[in-house]
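Reader: I'm new to this structure and would like a close look at one part of it. Please pick a spot and walk me through it and whatever sits around it.

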Amino acid sequence: MKIKAALSADDGQTFQLEELDLREPNADELLVKIAACGVCHTDLSMMGGDGGMVYGHEACGVVEQAGKNAAGFSEGDRVVLSYPHCGVCPACRQGRPYSCVYFSDLFMGERLSGPPPLTLRGRRVLSFFGQGGFATHTVAHQSSAVKVHKELDLKMLGPLGCGVQTGAGSVMNVLRPEPGAALAVFGTGSVGLSSVLAAKALGCGTIIAVDRVRQRLELAEEFGATHTVHTGKTTDAAGEIIAISGGLDFVVDTSGSAALMDAAARCLKPGGRGCGVAAAGLPRLGREDGRRWDEVIQGSSVPREFIPKMIELYRQGRFPYDKMLSYFEFEQIGEAFRQMKNAEIIKPVLVM
């Protein structure tokens, strides 16, 4: 079938809409009509200009066709798409699909079986994250799909599949703070703000948001941060945090900045635990006092378990992540990226 998709232009910064060919789904795949797709900084950082990849990996939509082995899915199902995984490697069998041995290959659009589903004038085009969500339709592996209730506003659900899941999962699945704990979040884009929301939902007593953008810190306070540290107005963020908290039990770094990760590590108490989500390596951290730091993928989340959990928290009024979303028509994709890049908004969502 013919679909419309956004491909990055030669400058690697802008997009052009193209007509592509999309094959039918294989036995273990779904054809999904995309309703909306979140825009992530990962899309921006990965974007190239050769037209060989359709980016976008926070898609949601409606199943139009389900392969014969896509158990539990049928036409008309509303789904959020997250990361695909093989289901058979040791990590997948142990309930850790975020550590799937094929994660990196699938991340870059390769398929578990069969050719990529997209072509442009006979040339194969990869689907980023197994989704290629900047399009009107996609063929995705059934392992990445999570069914959601029909009464939910579908267009706001896409970011749950990556950015929101990563931030909230890092707190809820990895750090697991007890009520009253002291926690800081470095970087308050959509991932960091999701961490703040999760910390608030779990009852952390001190929640410190750290960023260089004042508007983000203001929203962090609305989301539950008890204190903020503006890195543009201090030369000693660690010192300010220690003065506020007396030392942290937990910290999440979403900035990917080596300097900020080192500062975050210095704030941890003996036995404290930190994690980073930006695949930026590890901070300088002496382990003789029991401090620990982990690199986390997708918030160590199992999407079919964790996405419904976030939705339920939202329904209870305890996880108002929708306040950081800004909506754009699909044809406004360039403007959505521009505003995100310039920190004018936090999480753009393209509505198809």
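Author:
**The largest pocket and helix α5**

With four residues, α1 gives the most to the lining of the largest pocket. Keep in mind that this is a predicted model, where local features need pLDDT of at least 70 and side-chain atom pairs pLDDT 80 or more, while totals for chains, interfaces and linings use all residues. Numbering starts from 1 along each chain, and side-chain values use heavy atoms, without hydrogens or water.

Back to the pocket (an open set of points on a 1 Å grid, with protein on both sides within 12 Å along at least five of seven lines; lining residues have an atom within 4 Å of a point). It holds about 980 Å³ of space. Its lining takes in 41 residues, and those nearest the centre are His41, Val191, Thr254, Val277 and Ala278. At least two lining residues come from each of α1 (41-46), α3 (103-107), α4, α5, β12 and α10 (333-341). The α and β labels are DSSP runs: helices (H or I) of at least four residues, strands (E) of at least two.

Let's zoom in on one of those contributors, α5. This helix covers residues 190-201, 12 residues in all, and spans 16 Å from first C-alpha to last, close to the 16 Å expected at 1.5 Å a residue. (The expected span is 1.5 Å times one less than the residue count.) Because 11 of its 12 residues are buried, α5 is largely enclosed by the rest of the structure. (Buried is under 20% relative accessible area with a 1.4 Å probe.) The buried ones are Ser190, Val191, Gly192, Leu193, Ser194, Ser195, Val196, Leu197, Ala198, Ala199 and Ala201. So Val191 turns up twice: among the buried residues of α5, and among those nearest the pocket centre.

What covers those buried residues? The cover includes helices α4 (163-175) and α6 (214-223), plus strands β11 (182-186), β12 (206-211), β14 (248-253) and β18 (347-351). Just past the end of α5, Gly203 has a positive phi of about 85 degrees.

Some of those covering strands belong to an open sheet. Its six strands run in the order β13-β12-β11-β14-β15-β16, with parallel pairing. (Pairing takes at least two DSSP bridges.) At the edges are β13 (227-230) and β16 (292-295), each pairing on one side only. Inside the sheet, β14 and β15 (residues 268-276) run parallel, joined by five bridges. Val252 stands opposite Cys275 of β15.

Two more buried residues are worth a stop. Ala264 lies in helix α8 (residues 258-267). It counts as buried, with a relative accessible area of 0%. Leaving out residues up to four places away in sequence, Ala264 touches Phe186, Val251 and Trp293. (Contact is heavy atoms within 4.5 Å.) His227, by comparison, is 37 residues from Ala264 in sequence and 15 Å away in space, C-alpha to C-alpha.

The other stop is Glu58, in the loop between β4 (53-54) and β5 (59-66). At 0% relative accessibility, Glu58 is buried too. With residues up to four places away left out, Glu58 touches Ala36, Cys37, Gly38, Val39, Cys40, Gln131, Gly158, Pro159, Cys162, Gly163 and Lys347. Two of these link back to α5's surroundings: Gly163 is in the range of α4, and Lys347 is in that of β18.

Terms used:
Buried means under 20% relative accessible area, exposed over 50%, partly exposed in between (1.4 Å probe, protein chains only). On a 1 Å grid over the protein atoms alone, a cavity is a set of points where a 1.4 Å probe fits but cannot get out, and a pocket is an open set with protein on both sides within 12 Å along at least five of seven lines; lining residues have an atom within 4 Å of a point. Grid points are joined across faces, edges and corners, and a volume is the space filled by probe spheres set on the points.
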